[in-house]
Amino acid sequence: MLLTTPPGTPRTTPLVSVIVPVYDTEDYVRYCIDSILRQSYPRLDIILVDDGSTDSSAAILDEYTLRDDRVTVIHQTHAGAAQARNAGLDAAHGAWVTFVNSDDILDRRYVELLLHAALRTGADIAKARWKQFGVARLYDVAEATAEGAREPERVTVLTDALKAYQNVFCKSLRLVGTEFGRNTEARYFNDSCWGRLYRRDLWEGLRFPEGTRAHVAMVSGELYRRTGKVADIDVTLYHQLQHEGDEPPEREFDYQHDQAVAAAHNFDLAMEHGVLPARSYYTMSSACDAEAMAEDFDAPGMDPEVREAHRAAYQEDLLTLARLAGRLTPAQRVTCTATQLIRRLEHRAYWMRADLLKRDRKPWTTADVHIDDDGEDAADVSTDAGDAGTGGDTARAAGTATPRS
């Protein structure tokens, strides 16, 4: 097996920084932190960033500094997920970093398997599979993940992360590719930052832009552009909690506008490096369509200045979309349009499935099949899933609740 260490290989135990932004998750944060503390790989630098929580989350974090000297807590005024993650990056001492949402749960072997894959393959990023679960299954998932995942059966090394990010995002096409033995799922990236282990050097001079609800998408293109190798292992190591109240903020104009801006940025970057920007075309066009249908785009009684600002931004985004589309050849335009149609259909199906998941009240077992893809944009409402509607953070991540991207 690729991950088997040859006899005589020197053992290395680099420090791994685990960054956890926390905002008002008092009911779940203990499950998250406990799953980090019980990692089979012990050399951790655990950074818990309290983003101005209004519940007891901050006090809970402080408790953990007394229980484990690997834990550091940063308290800041409420500024959103981007600033919280940046604070964690600035404080990180590890050669490797990973991000975890404060209501999600890690498998006991999460760091061990990802780090081993990265070191054995010389990768800059290591990623694994993930699944979502409903609140009613919180305790059972925590118990099951404490047992530790199986050994991976396959390790796939990618050398074209930016191309994969832009062109492998439709779930149905990934399934088709897998059926034909192409292991397409291993090439999939979403617009979330959790569930991966990064060489810290990748983040030199790169931080999440603050003041946007698409802060993860805004750095994704550049992050993958500077990535040499990515190691993907075919085992589930990250478990994401779906709340019954989680809904994509797709009806909010500012959310869609931020997605459009991020997509335009990534579109230009991809074209500059000879990569077909299929994902960015989909996200940009979908965001423009959604802007005009946003509940606060032209609602009765809204502030006239806000209405005019929204209209001006919408027109600017349409012009940007036309400019971007004009850079595509006819063949590229056909490809981008086709994948856009496929992804939109998947997006609708995803949220129907997610709604069923969040309402689930059945006992959880390891044999259960939860949603394991799509929703990425919904994103953050986050999921791995593609760009559910555009790709970034949900209202929760934007500053009204737990960071999710």
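Which residues does V16 touch, not counting residues up to four places away in sequence? Select V16 and look around: Y41, R43, L44, D45, G94, W96, V111, L115 and L197 are in contact with V16, where contact means heavy atoms within 4.5 Å.

Before going on, a word on the model. It is predicted, so local features need pLDDT of at least 70 and side-chain atom pairs count only at pLDDT 80 or more, while totals for chains, interfaces and linings use all residues. Residues are numbered from 1 along each chain as its sequence is written, and side-chain values use heavy atoms, with hydrogens and water left out.

Next, add I233 and L237 to V16: these three have the most contacts inside the largest nonpolar core, a set of 41 residues. Such a core consists of buried Ala, Val, Leu, Ile, Met, Phe, Trp, Tyr and Cys residues joined through side-chain atoms within 4.5 Å; buried means under 20% relative accessible area with a 1.4 Å probe, protein chains only. Elements giving two or more residues to this core include β1 (16-22), α4 (110-121) and β9 (230-242). Colour α4 separately, as α4 gives the most, with 7 residues. Helices (H or I, at least four residues) and strands (E, at least two) are DSSP runs, numbered from the N terminus.

Apart from this core lies another, of 31 residues; pick A84, F189, Y224 and V230 among them.

Now show β2 and β3, which run parallel and are joined by 6 bridges; strands pair if DSSP finds at least two bridges between them. Click D51 and find its bridge partner, Q76 in β3.

Finally, zoom out: 60% of the 405 residues of the chain count as buried.

Notes. Buried < 20%, exposed > 50% of the residue type's maximum accessible area, 1.4 Å probe, protein only.
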